[in-house]
Amino acid sequence: MTDAPLHHRSITAHARSLRNREYSCLELTRHFLARIEAAADLNAFITVTAEHALKQAEDADRRIAAGQATALTGIPLAHKDLFCTRGVLTSCGSKILANFISPYDATVVDQLNRRGAVILGKTNMDEFAMGSSNETSHYGPARNPWDKSAVPGGSSGGSAAAVAARLTPVATGTDTGGSIRQPAALCGLTGVKPSYGRVSRHGMIAFASSLDQGGVLSRCAEDAAIVLHAMSGFDANDSTSLRHPVPDYPALLDQPIAGKTIGLPGEFFGPGVDHEVARCVDQAIAQLGRMGAKTVPVELPNSAAGIPCYYVLAPAEASSNLARFDGVRYGHRAAEYADLDDLYAKTRGEGFGAEVKRRIMIGAYVLSSGYYDAYYLKAQRLRRLIADDFKRAFERCDVIAGPTTPATAFAIGEKSRDPVAMYLNDIFTNAVNLAGLPGLSIPAGFDRNGRPVGLHLIGRYLDEATLLSVAHRYQMETDWHRQTPPGYA
Amino acid sequence: MPITREQVAHIARLARLAMDPAEAEFHAGQLSRILELVEQMNRIDTTGVAPMSHPQDAALRLRDDRVTEHNRRDQYQRIAPAAEHGLYLVPRVIE
């Protein structure tokens, strides 16, 4: 056996030890299942697939014994409960899917299964990924392991809580406006959202189809690179999937930072940022400078319009996507109804929570005749201005840096009654989705209450490799990513 | 622009969301706040800017017109709220 407890080891370290028979996949899986059980109060999981996981672990042990291991064979992981998993509840955090046993696997799930990864379970999330705190989940809020009275962020809140508490080495997430990066920041993790089209959306329950992207929450950039590499690539089942070859992210981690230029948009360093967050981010940028990066000021003049633009386009797409939940083919159906229309309305009225209803109604409103031009087309025009700002900025730099969120984790209940206050959590992240660019958050320190701060790095279209290498190099020189929440060591 | 309870009831009907008057009243206040936020878009002039519907302006890919799916009706209908003889059951629509 090795010195560090199993749950503090990286994927690479696990893969090496599994190959050397220092421990088995079965032992490793049991270790994490026991930690999940002991940390049930975090409410990080909606479903724990213990029996299935042990079977997958046995298969992985056989595969390793046969000399057919991949980098992920026998590595435990958890999937956000928005990725369809065959034969397992896939609830999307909603009552309307609380009985939905998926008949098929999402492409992402299939890709990781085929490499021999072990699924520990499905993680909690904001209902249909609509939220920034995990409080809109039908299954109740997940809690932040750094402070159980605080939110873990959202919408991939359960994935973030689970990785932060070391209940799984890594978890999948999805990011429509910040839903990987914001919880990664609030829980002290590495979270990467790749370029739009990089990761297949097939079997990923759709929220806003022109913005949604699957990605990874992990302890470090090296683990993220391994899992993202396995998840990425062309899929004929996703009409917006890219045919571009996927670079070998793990092999590219050691690119030097020296010679890279980091753009600093003045818009990300304004008075709206908590001063302790600003201090940590400034220190992280200074550290990158000591490692040889140059910094230049850049401008993203339309970034303030990102939030209003996003809260037209995302609900518009959601109102169309969520029309499929009708109580006819799968999911919840109301017990009593007078006719077909009544069946639809009662099923949806009972099945969706308040935030989801709000977004469906906003979407229906901005798409309705008389308002379409003023809201929907206006937002699409702004989307182009926002994307063009990034193009211009990237003529002068390789990576754009700033805070992931304006403040650290807030208390459960603090913002749940005010949707607009909640939406402002994504002020730095959602423009990246509008432009389809890759983004990443890494831990960069703590505020005075011991809550983690995230550094946000944005890359050129399809340049996840540079983002991951900058993050990895930074993590070679710092130890913020190695900090574990008290009580979960 | 503030949204009235009546407008909420109308949108909810269009979106097939059953809603009692108290819930419509609650949403009227919240939707009004959200639209107020959204209207900040008007501070930026977008005259002459072409709308962008895909983050990279990519066109949707076409595929060859051949059968790629096999019949999984039974598997899919096993999770339906009500199905019989290969059909999804709903209340009678045509008398």
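How many residues does α10(A) have, and how far does it reach from its first C-alpha to its last? I started my notebook with this one. α10(A) has 12 residues and spans 16 Å between its end C-alphas, close to the 16 Å expected at 1.5 Å a residue. A reminder to myself before going on: this is a predicted model.

**Entry: the rest of α10(A)**

I looked at the start of the helix next. There, a side-chain oxygen of A:D339 comes to within 3.3 Å of the backbone nitrogen of A:D341. Then I listed what is buried in α10(A): A:L340, A:D342, A:L343, A:A345, A:T347, A:R348, A:G349 and A:G351. I also checked what these buried residues pack against, and found α11 of chain A. That sent me to α11.

**Entry: helix α11(A)**

α11 of chain A runs over residues 354-367, which makes 14 residues. From first C-alpha to last I noted 20 Å, close to the 20 Å expected at 1.5 Å a residue.

Is α11(A) enclosed by the rest of the structure or open? I found 12 of its 14 residues buried, so the helix is largely enclosed by the rest of the structure. The buried set includes charged side chains such as A:E355, A:K357, A:R358 and A:R359, and also A:V356, A:I360, A:M361 and A:I362. A:G363, A:A364, A:Y365 and A:V366 complete the list.

I then asked which elements these residues pack against. In chain A they are α9 (306-321), α10 (340-351), α12 (372-393) and α13 (419-423). Chain B joins in too, with α1 (5-14) and α2 (21-38).

**Entry: A:K357, a residue worth a stop**

A:K357 sits in helix α11 of chain A. Is A:K357 buried or exposed? Its relative accessible area is 5%, under the 20% cut-off, so I wrote it down as buried.

What does the side chain of A:K357 meet? I found B:E23, in a salt bridge at 2.7 Å, N to O. The same side chain has a polar atom 2.8 Å from the backbone oxygen of A:G349, and A:G349 is one of the buried residues of α10(A). I like this spot, with a partner for A:K357 in chain A and another in chain B.

For the wider surroundings I left aside neighbours within four places in sequence. The contacts of A:K357 in chain A are then A:R348, A:G349 and A:F352. From chain B they are B:L17, B:M19, B:E23 and B:H27.

**Entry: the interface of chain B and chain A**

I moved from that one pair to the whole interface. Interface size is often given as the accessible area lost when the parts come together. Here the area buried is about 5,200 Å², and carbon and sulfur atoms give 67% of it. B:M41, B:M52 and B:R61 supply 14% of what chain B buries against chain A, more than any other three residues.

How many residues take part in the contact from each chain? I noted 51 residues from chain B and 70 residues from chain A. Across the interface I also noted 3 salt bridges and 20 residue pairs in polar contact.

Which helices of chain B supply at least two residues each to the side that touches chain A? They are α1, α2 and α3 (73-77). α2(B) gives the most, with 10 residues. By class, this side of chain B has 33 nonpolar, 10 polar and 8 charged residues.

**Entry: B:L14 in chain B**

I picked B:L14, which belongs to helix α1 of chain B. With a relative accessible area of 46%, B:L14 is partly exposed. I compared its place with that of B:E36: they are 22 residues apart in sequence and 22 Å apart in space, C-alpha to C-alpha.

**Entry: backbone oddities in chain A**

I finished with the backbone. Where is the cis peptide bond? I found it from A:G154 to A:S155, with omega near 10°. A:S155 is in the loop between β3 (118-123) and α5 (157-164) of chain A.

A:F128 lies in the loop between β3 and α5 as well. Its phi is near 55°, a positive value in a residue other than glycine. At 1% relative accessibility, A:F128 counts as buried.

A:C92 also has a positive phi, near 60°. I placed A:C92 in the loop between β2 (76-80) and α4 (107-114) of chain A. A:C92 has 0% relative accessibility, so I entered it as buried.

Conventions
Residues numbered from 1 in each chain as written. Chains lettered and ligands numbered in written order. Predicted model: local features only at pLDDT ≥ 70, side-chain atom pairs only at ≥ 80, totals over all residues. Heavy atoms only, no water. Helix = DSSP H or I, 4+ residues; strand = E, 2+ residues; numbered from the N terminus. Expected span 1.5 Å × (residues − 1). Buried < 20%, exposed > 50% of the residue type's maximum accessible area, 1.4 Å probe, protein only. Contact = heavy atoms within 4.5 Å. Buried area = accessible area lost by both parts, 1.4 Å probe. Salt bridge = Lys/Arg side-chain N within 4 Å of Asp/Glu carboxyl O. Polar contact = N/O pair within 3.5 Å; in protein donor to acceptor, adjacent residues only side chain to side chain. Nonpolar A, V, L, I, M, F, W, Y, C, P; charged D, E, K, R; others polar.
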